[in-house]
Amino acid sequence: MKVKVDGALCTGHGRCYSLAPEVFDVDDEGYSEPRDTMIDVPEEHEEATRHGARACPEGAISVVES
Ligand code: SF4
């Protein structure tokens with residue numbers, strides 16, 4: 001599974017990295033990082049990643065199931 005944060009949509013609510021800190025990181029201004037880059041998700045973190053993606057109020061996170 002892969003996931004991508006759309007940098008144009010992310011407004012820094014922080015739900016993604018609160019729910020899946022192993023996958024999503026945070027920059028100095030509170031935005032998710034990396035942005036606009038496909039992130040490989042380890043199998044053990046897939047459920048938390050889906051949860052984080054669903055929780056994003058901006059719909060900024062795309063999940064690509066493998
Ligand atoms: S929850 Fe959405 S808007 Fe908030 S930091 Fe994560 S990607 Fe950005």
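Me: Along β1 the side chains alternate; which of them point to one face and are buried?
Reply: Strands (E, at least two residues) and helices (H or I, at least four) are DSSP runs numbered from the N terminus. A residue is buried if 20 or more other C-beta atoms, placed from the backbone, lie within 10 Å of its own, exposed if 12 or fewer, and partly exposed in between. Lys-2 and Lys-4 point to the other face and are not buried. The buried pair is Val-3 and Val-5.

Me: What pLDDT do local features need in this predicted model?
Reply: Residues are numbered from 1 along each chain as its sequence is written. The model is predicted: totals for chains, interfaces and linings use all residues, side-chain atom pairs count only at pLDDT 80 or more, and local features need a pLDDT of at least 70.

Me: In what order do the three strands of the open sheet lie?
Reply: Two strands pair if DSSP finds at least two bridges between them. β1 is joined to β4 by two bridges and to β5 by four, and the pairing is antiparallel. The edge strands, each pairing on one side only, are β4 (39-40) and β5. The order is β4-β1-β5.

Me: Which residue in β5 stands opposite Val-3?
Reply: On the β4 side, Val-3 stands opposite Ile-39. Along the pairing of β1 with β5, Val-5 has Ile-61 as its bridge partner. The β5 residue opposite Val-3 is Val-63.

Me: Which residues touch the most other members of the largest nonpolar core?
Reply: Such a core is a set of buried Ala, Val, Leu, Ile, Met, Phe, Trp, Tyr and Cys residues joined through C-beta atoms within 7 Å. The largest has 13 residues. Two or more of them come from each of β1 (2-5) and α1 (15-19). The members with the most such contacts are Cys-16 and Ile-61.

Me: How many residues surround the ligand?
Reply: A residue is near the ligand if its C-beta atom, placed from the backbone, lies within 6 Å of it. The closest are Cys-10, His-13, Cys-16, Ser-32 and Cys-56. By class there are seven nonpolar, five polar and two charged residues (nonpolar: Ala, Val, Leu, Ile, Met, Phe, Trp, Tyr, Cys and Pro; charged: Asp, Glu, Lys and Arg; polar: the others, Gly among them). The number surrounding the ligand is 14.

Me: How wide an arc do the buried residues of α2 cover around the axis?
Reply: In α2 (residues 46-55) the buried residues are Thr-49, Gly-52 and Ala-53. They lie on the same side of α2, because the arc, taken over directions from the helix axis to the C-beta atoms, is only 100°. They pack against β1, α1 and β5 (61-64), contact meaning C-beta atoms placed from the backbone within 7 Å. The arc is 100°.

Me: Is Leu-9 exposed, partly exposed or buried?
Reply: Leu-9 lies in the loop between β1 and α1. Leaving out residues up to four places away in sequence, Leu-9 touches Glu-58, Gly-59 and Ala-60. Because 14 C-beta neighbours lie inside 10 Å, Leu-9 counts as partly exposed.

Me: What is the phi of Asp-36 near?
Reply: Asp-36 lies in the loop between β3 and β4 and is exposed, with 11 other C-beta atoms within 10 Å. Pro-34 is also placed in the loop between β3 (32-33) and β4, and the peptide bond from Glu-33 to Pro-34 is cis. For Asp-36, a residue other than glycine, phi is positive, near 55°.

Key:
Two residues are in contact if their C-beta atoms, placed from the backbone, lie within 7 Å.
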